Amino acid sequence: MAVSIKLILHTRIWNYVHFVVLGFFSLIPFFGFIFVYDFITETPAYLTMGILASSSYFYTNIIATSLFVIAFDGGIYFLRRLKYPTNSEKLQDFIKNKGATNRE
C-alpha cells in the first residue's frame, strides 16, 4: 500500500489506471480469497476473517494504518519538494508563476 501511495504522490497521469489495477487485480481478489478460503479447503481457518471483519478494530486498524502512511509519506514528499526541489519541479513552478503574472 505504501508503494501505491508513493505512486499516487509522484505521478499524475497514471492515477486512474493505478486505482483500477490496484482494486480489481489486487485488493478485491485478496479479500475475496480470504473470505472463501474456509469453503474451498479441508483445513478451515475457523472463520477467522469473518470474525475479524465483524469487529470495529479490524476497520480501525486498516484506516489508521492507511492514514499514517499517507501522512508520513506525503509529509516527506512535500518537505523534500519545499527544501530540495528537482529541476523538473522548479520548471513547473516557474511556468505556473509566469503564467499567473501574464494573466494580470
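Is phenylalanine 31 buried, partly exposed or exposed? I looked up its accessibility and found 31% relative accessibility, so phenylalanine 31 counts as partly exposed. I note at the outset that the model is predicted.

**Entry 1. Confidence**

I checked the pLDDT values before reading any detail. The protein has an average pLDDT of 80, and 80% of the residues reach at least 70. Among the elements, I found the lowest mean pLDDT, 68, in helix α1 (residues 2-10). The highest mean, 91, belongs to helix α4 (residues 56-83). I keep in mind that predicted coordinates should not be read in detail where pLDDT is low.

**Entry 2. Overall make-up**

I counted the secondary structure elements: the protein has five helices and zero strands. Their order from the N terminus is α-α-α-α-α. I then looked up burial and recorded that 16% of the 104 residues count as buried. The protein exposes about 8800 Å², of which carbon and sulfur atoms supply 72%. I also took down the contacts with a separation of 6 or more: 34% of them join residues 24 or more positions apart.

**Entry 3. Helix α4**

What span should the 28 residues of α4 have? At 1.5 Å a residue I expect 40 Å, and the end C-alpha atoms of α4 are 40 Å apart, so the two values agree. At the N-terminal end of α4, I found serine 55 acting as a cap. A side-chain oxygen of serine 55 lies 3.1 Å from the backbone nitrogen of tyrosine 57. I listed the buried residues of the helix as Phe58, Ser66, Val69, Asp73, Gly74, Tyr77 and Arg81.

**Entry 4. Arginine 81 and glutamate 89**

I next examined arginine 81, which is placed in helix α4. Its relative accessibility is 17%, and arginine 81 therefore counts as buried, the cut-off being under 20%. Which side chain does the side chain of arginine 81 meet in a polar contact? I found that of aspartate 93, at 2.9 Å. Leaving aside neighbours within four places in sequence, I recorded Glu89, Gln92 and Asp93 as the contacts of arginine 81.

I then turned to glutamate 89, which is found in helix α5 (residues 87-103). Glutamate 89 has 9% relative accessibility and so counts as buried. Not counting residues up to four places away in sequence, glutamate 89 touches Tyr77, Arg80 and Arg81.

**Entry 5. Methionine 49**

I located methionine 49 in helix α3 (residues 48-53). Is methionine 49 buried or exposed? Its relative accessible area is 17%, and methionine 49 is therefore buried. I noted that methionine 49 touches Ile34, Phe35 and Phe58, not counting residues up to four places away in sequence. I also looked up the separation from valine 36, which is 13 residues apart from methionine 49 along the chain. The C-alpha atoms of methionine 49 and valine 36 are separated by 9.6 Å.

**Entry 6. Aromatic pairs**

How many aromatic pairs does a search of the whole structure find? I obtained five. One pair I inspected is phenylalanine 30 with phenylalanine 31: the ring centres are 5.3 Å apart and the planes stand at 70 degrees, so the pair is edge-to-face. Phenylalanine 30 has 46% relative accessibility and therefore counts as partly exposed. As entered at the start, phenylalanine 31 is likewise partly exposed, at 31%.

I also inspected phenylalanine 58 and tyrosine 59. Their ring centres lie 5.1 Å apart with the planes at 80 degrees, so this pair is edge-to-face. At 16% relative accessibility, I entered phenylalanine 58 as buried. Tyrosine 59, with a relative accessible area of 43%, is partly exposed. I add that phenylalanine 58 appears among the residues touched by methionine 49.

Terms used. Residues numbered from 1 in each chain as written. Heavy atoms only, no water. Helix = DSSP H or I, 4+ residues; strand = E, 2+ residues; numbered from the N terminus. Buried < 20%, exposed > 50% of the residue type's maximum accessible area, 1.4 Å probe, protein only. Contact = heavy atoms within 4.5 Å. Areas by Shrake-Rupley, 256 points an atom, 1.4 Å probe, with all protein chains shown as cover. pLDDT = per-residue confidence, 0-100. Expected span 1.5 Å × (residues − 1). Polar contact = N/O pair within 3.5 Å; in protein donor to acceptor, adjacent residues only side chain to side chain. Phe/Tyr/Trp six-rings, centres within 6.5 Å; stacked < 30°, edge-to-face > 60°.
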